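The following exercises invite the reader to examine one protein model step by step. Each task is followed by a worked solution.

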Amino acid sequence: LAQGWTSGCERCHIPTSWDGAGFVHPWPLTGAHAAADCAACHAGDVYAGTPTECVACHLDDYQSAVDPDHVGLG
């Protein structure tokens, strides 16, 4: 890949766990993030510039939440 990254995630990550990963992510990969496929966040094997703000991936969830009404409550 252009930045020298491998397309084989298992070269840096232990396939059954994020523990012992060879790359430090900007937030802990816990809960649903720990179970997510790499391509869910790194589409097309693009690693540089991947958004780290929650809203980048979860804006639709935020806007559609009704209990509590996230948008209405600010």
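Helices are DSSP runs of H or I with at least four residues, numbered from the N terminus. With that convention, His42 can be placed in the loop between helix H2 (38-41) and H3. The model is predicted.

**Exercise 1. Describe the overall architecture of the protein and the confidence of the model.**

Solution. Begin with the elements: the protein has four helices and zero strands. Read from the N terminus on, the order is α-α-α-α.

Next, consider confidence. The average pLDDT of the protein is 75, and 68% of the residues score at least 70. Confidence is lowest in helix H1 (residues 32-35), where the mean is 83, and highest in H3, where the mean is 87. Where pLDDT is low, the predicted coordinates should not be read in detail.

Finally, turn to the surface and the contacts. The protein exposes about 5,700 Å², and carbon and sulfur atoms supply 58% of this area. Buried residues account for 9% of the 74 residues. Of the contacts between residues at least 6 apart in sequence, 34% join residues at least 24 apart.

**Exercise 2. Determine whether His42 is buried or exposed, and list its contacts beyond its neighbours within four places in sequence.**

Solution. The first step is to recall the location of His42, in the loop between helix H2 and H3. The second step is to apply the cut-off: a residue is buried under 20% relative accessible area. His42 has a relative accessibility of 16% and therefore counts as buried. The third step is to list the contacts: leaving aside neighbours within four places in sequence, His42 touches Tyr47 and Thr50.

**Exercise 3. Identify the residues of the nonpolar surface patch and the helix that gives the most to it.**

Solution. The patch covers about 320 Å² and is made by Val55, Leu59, Tyr62 and Val71. Helix H3 (residues 55-64) gives the most, with three residues.

Two members can now be examined in turn. Leu59 belongs to helix H3; because its relative accessibility is 36%, Leu59 counts as partly exposed. Tyr62 also lies in helix H3, and with 34% relative accessibility Tyr62 is likewise partly exposed.

The contacts of Tyr62 complete the picture. Apart from neighbours within four places in sequence, Tyr62 is in contact with His70, Val71 and Gly74. In addition, the side chain of Tyr62 reaches the backbone oxygen of His70 at 3.3 Å.

**Exercise 4. Locate the cis peptide bond and state its omega angle.**

Solution. The cis peptide bond joins Asp67 and Pro68, with omega at about 5 degrees. Pro68 is found in the loop between H3 and helix H4 (70-73).

**Exercise 5. Compare separation in sequence with separation in space for Pro26 and Glu53, and for Pro26 and Pro51.**

Solution. First, place the residues. Pro26 is in the segment before H1, and Glu53 is in the loop between H2 and H3.

Second, classify their accessibility, for which exposed means over 50%. Pro26 has a relative accessibility of 58%, so Pro26 counts as exposed. Glu53, at 58%, counts as exposed as well.

Third, set out the separations. Glu53 and Pro26 are 27 residues apart in sequence, and their C-alpha atoms are 9.8 Å apart. Pro26 and Pro51 are 25 residues apart in sequence, with a C-alpha to C-alpha distance of 9.8 Å.

Key:
Residues are numbered from 1 along each chain as its sequence is written. This is a predicted model: local features need pLDDT of at least 70, side-chain atom pairs count only at pLDDT 80 or more; totals for chains, interfaces and linings use all residues. Side-chain values use heavy atoms; hydrogens and water are left out. Patches are made of residues with over 30% relative accessible area and no salt bridge: like charges are joined within 9 Å, nonpolar side chains (Val, Leu, Ile, Met, Phe, Trp, Tyr) within 5 Å. Accessible areas come from the Shrake-Rupley method with a 1.4 Å probe; for residues, only the protein chains shown count as cover. A salt bridge is a side-chain nitrogen of Lys or Arg within 4 Å of a carboxyl oxygen of Asp or Glu. Helices (H or I, at least four residues) and strands (E, at least two) are DSSP runs, numbered from the N terminus. Buried means under 20% relative accessible area, exposed over 50%, partly exposed in between (1.4 Å probe, protein chains only). Contact means heavy atoms within 4.5 Å. pLDDT is the predictor's confidence in each residue, from 0 to 100. A polar contact is a pair of N or O atoms within 3.5 Å; within protein, one must be able to donate a hydrogen and the other to accept it, and residues adjacent in sequence count only if both atoms are side-chain atoms.
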